[in-house]
Amino acid sequence: MRVEKLIEIAHKMVGKYHLSDPDFSAGTVGAALLTTHGNIYTGINIEVACGIGFCAEHSAIAEMIKNRETQIEMIVAMNEKGIIPPCGRCRELLFQVDNKNIKTKIYLSKEKYMTLDELLPMRWTPST
Ligand SMILES: [Zn+2]
């Protein structure tokens, strides 16, 4: 699969989703990932009070795990302005759900990607 298709799918996730409180939002960021098995999973972010929202990558990863997969070939997240890189928490999540995701291609633009290894060189490890 070409990254353009993944970008198109992520872009379709971005939009307005109804939440009862107008100060809260969902879908300002959309994400799409392609697994090593060739399946695509999507997610949206949720922004609510008390820091209990989450990133679009999180919900895409949860969707993937629900389908019994953990290895990600490539991932893209975007807002209305374009592609955005994953935050540090999402980088750690990508690694911790499957250490093989260190080779995941993370798109920073349509033409450029970096591997998770490049974006997360000093990753967390449990103390021994
Ligand atoms: Zn994040």
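1. Is asparagine 79 buried or partly exposed? In this predicted model, asparagine 79 has a relative accessibility of 21% and therefore counts as partly exposed, since buried would require a value under 20%. The residue is found in strand 3, and, when its neighbours within four places in sequence are left aside, asparagine 79 is in contact with Val14, Thr28, Val29 and Ile84. Aspartate 23, by comparison, lies 56 residues from asparagine 79 along the chain, and the C-alpha atoms of these two residues are separated by 18 Å.

2. On the overall fold, the chain has four helices and six strands, which follow one another along the sequence in the pattern α-β-β-α-β-β-α-β-β-α. The radius of gyration of the chain is 14 Å, close to the 14 Å that the globule rule gives for 128 residues, so the chain is as compact as a globular protein of that length. Along the principal axes, the C-alpha trace spans about 45 × 40 × 25 Å.

3. As for burial and surface, 38% of the 128 residues of the chain count as buried, while the accessible surface comes to about 7600 Å², with 54% of that area belonging to carbon and sulfur atoms. Among the contacts in the chain with a separation of 6 or more, 54% are accounted for by residues 24 or more positions apart.

4. The hairpin deserves its own point. Strand 1, which covers residues 25-35, pairs with strand 2, which covers residues 40-47, in the antiparallel sense and over seven bridges; within this pairing, glycine 43 in strand 2 is the bridge partner of alanine 31. Four residues lie between the two strands of the hairpin, and glycine 38 takes a positive phi near 90° there.

5. The metal site can be described through its donors. Cys55, Cys87 and Cys90 each coordinate the zinc ion through SG, at 2.2 to 2.3 Å, and along the chain these donors follow the spacing C-x31-C-x2-C. Cysteine 55, in the loop between strand 2 and helix 2, and cysteine 90, in helix 3, are 35 residues apart, so that this pair links distant parts of the chain. The two cysteines can also be set side by side in terms of accessibility: cysteine 55 is partly exposed, with a relative accessible area of 24%, whereas cysteine 90 counts as buried because its relative accessibility is 0%. With a cut-off of 2.5 Å between cysteine sulfur atoms, the count of disulfides comes to zero.

6. Helix 2, which spans residues 56-66, has Ala56, Glu57, His58, Ser59, Ala60, Ile61 and Met64 as buried residues. These buried residues pack against strand 1, strand 2, strand 3 and helix 3. Just after helix 2, arginine 68 takes a positive phi of about 65°.

7. Helix 3, which spans residues 88-97, contains the buried residues Cys90, Arg91, Glu92, Leu94 and Phe95, and Cys90 is also one of the zinc donors. The cover over the buried residues of helix 3 includes helix 2, strand 3, strand 5 (105-107) and helix 4 (116-119). A general point is relevant to both helices: an α-helix has 3.6 residues a turn, so residues three or four places apart point the same way.

Notes: Residues numbered from 1 in each chain as written. Predicted model: local features only at pLDDT ≥ 70, side-chain atom pairs only at ≥ 80, totals over all residues. Heavy atoms only, no water. Pairing = 2+ DSSP bridges. Donors = N, O, S within 2.8 Å, 3.2 Å for Na, K, Ca; no water. Buried < 20%, exposed > 50% of the residue type's maximum accessible area, 1.4 Å probe, protein only. Contact = heavy atoms within 4.5 Å. Rg over C-alpha atoms; globule rule 2.2 N^0.38 Å. Areas by Shrake-Rupley, 256 points an atom, 1.4 Å probe, with all protein chains shown as cover.
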